[in-house]
Amino acid sequence: MKKFGFLVLLFVFGLVFPGYSHAATDTKIILDGKEIVQPSDTKAEIINSKVMVPIRVVSENLGYSVEWKQQTQTVTISKDNTAMQMIVGQKTATVNGSNVNLDAPPLVKNGTTLVPLRFIGEEMGLKVGWNNTTKTVTLVTQNSGSGNGTTTPPNSGNEGGGSDQEGLVLVNGISFSDNRLMIATSGSTKPNVFTMTGPDRIVIDLPNTAFADSFSEGQALDSNQNGQLVVSGYPDVSKIRYSLYSNSPSTLRFVIDLSSSKGYSVQNDSGLIMINLDNQSGTPAPPVGNNGKKVVVIDAGHGDQDPGAIGVTGKREKDFNLAMALKVEALLKKESKIDVVLTRSDDTFLALKERVKIAQDIKADIFISIHANSGPTAANGVETFYTRSNSKALATVMHKYLLQSSGLKDRGVKTASLHVTRETTMPAVLLEGGFLSNKSDEAALFTESFQNSVAKGIVAGIKEYLGIQ
């Protein structure tokens, strides 16, 4: 599907505002430096953990036309060669004739149509910043500014931000998996890495860097540009802290808090810095995929404040996705010809662009995103999605094994314009393991026997596609 880089609408990655279950009257939306005035009777509202926005106001601010058909309950948004159509109550939309899944169906309130921000953002593209202190969403259209692909980091309350931060390398996101801290950047920077004691910790200083707008989508960042990533399941590490350490020159600091003194290695490729705690030599570790190994990225969808679909008994999609990813990882680690990297290994949130960047930066051979589905209560079964033609063969193989190992109904291999399968360049698929909205499917998805069987099936599919015996 054509990517409309200059056609921008609002996008927030599953924001959840604690204590808010109604219209977010205190939330400001800033588009290219100007606040959007929301209707007094129908404002942005959180429904089932999804942010819904009055589409007419947003569209008109961006020069779109909006057509509402009462009889069919259909809203059509159009501009130039782009047309999006959504039907109230349905979780499938069309963009220029192609079907796209929604994470929440549109609805009508006080005569105004509310639509999910996440869908619009993924389809149209947007640079988004979130200030949790002021409850402000900052939106920058792709064609505003210099057009050189860089963004100006948010000031977050610091005086004198603005133009003196231009030209800095931006940190887009971080993740911790397999005892490795990965820092995704917009370009090359030379990290200064050293240890400190009392308590033991590893410090990573990145000179001439700043937090990108997108960083706050995935990680907490307070008004003083401080935050932390809680780590669980790794006895060596308790948490990872990060902050704007210096304004002159702008320097970001990342601190790995250790349970005891530990060696490490540093791998610095353009766009990705990796601190490996499993390498004790203090010398650079071999890059992921070295010695002819195939690199497989396993992506557990959703996480943290974004629970994904909620099952009929309250079970959360994010928990199923993570459990499956960890089981697949454990099996792939036994394969001597495969390097496996998880986008997340615990209950943390990563923006979709961060997941894509991890795979791109380590030059993964394949990308597999694990999800569970939701829909009408009668809907059940497994399906596999891909976007680009170079992913079709992978989708066919993976679906064969997903179907065999799950024992659920075959819903087929389908195409869809999903961010992680569209923006990656290597073969990429999204697996839907069953419907949490279906009582029978949900009961199966959370059993050890089902998860173990499907994990083995996913690994078998990966090996067949990669030609590994």
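**Helix H5 and the buried Asp299**

Eight of the ten residues of helix H5, which spans residues 352–361, are buried, so this helix is largely enclosed by the rest of the structure. The structure described here is a predicted model. The buried set in H5 comprises Leu352, Glu354, Arg355, Val356, Lys357, Ile358, Ala359 and Asp361. After H5 comes Lys363, for which the phi angle is positive, with a value near 55°.

One of the buried residues of H5, Arg355, is also among the contacts of Asp299, a residue that is found in strand S24, spanning residues 294–300. Asp299 has a relative accessible area of 1%, and since residues under 20% are counted as buried, Asp299 is assigned to the buried class. Its side chain makes a polar contact with the side chain of Thr343, at a distance of 2.7 Å. When neighbours within four places in sequence are left aside, the residues in contact with Asp299 are Thr343, Arg355, Phe367, Ile368, Ser369, Ile370 and Val420.

Turning to the whole chain, the protein contains nine helices and 29 strands, and 57% of its 469 residues are buried. Among contacts in the protein with a separation of 6 or more, 66% are accounted for by residues that lie 24 or more positions apart. The accessible surface of the protein comes to about 19200 Å², and carbon and sulfur atoms contribute 48% of this surface.

Terms used. Residues are numbered from 1 along each chain as its sequence is written. This is a predicted model: local features need pLDDT of at least 70, side-chain atom pairs count only at pLDDT 80 or more; totals for chains, interfaces and linings use all residues. Side-chain values use heavy atoms; hydrogens and water are left out. Helices (H or I, at least four residues) and strands (E, at least two) are DSSP runs, numbered from the N terminus. Buried means under 20% relative accessible area, exposed over 50%, partly exposed in between (1.4 Å probe, protein chains only). Contact means heavy atoms within 4.5 Å. Accessible areas come from the Shrake-Rupley method with a 1.4 Å probe; for residues, only the protein chains shown count as cover. A polar contact is a pair of N or O atoms within 3.5 Å; within protein, one must be able to donate a hydrogen and the other to accept it, and residues adjacent in sequence count only if both atoms are side-chain atoms.
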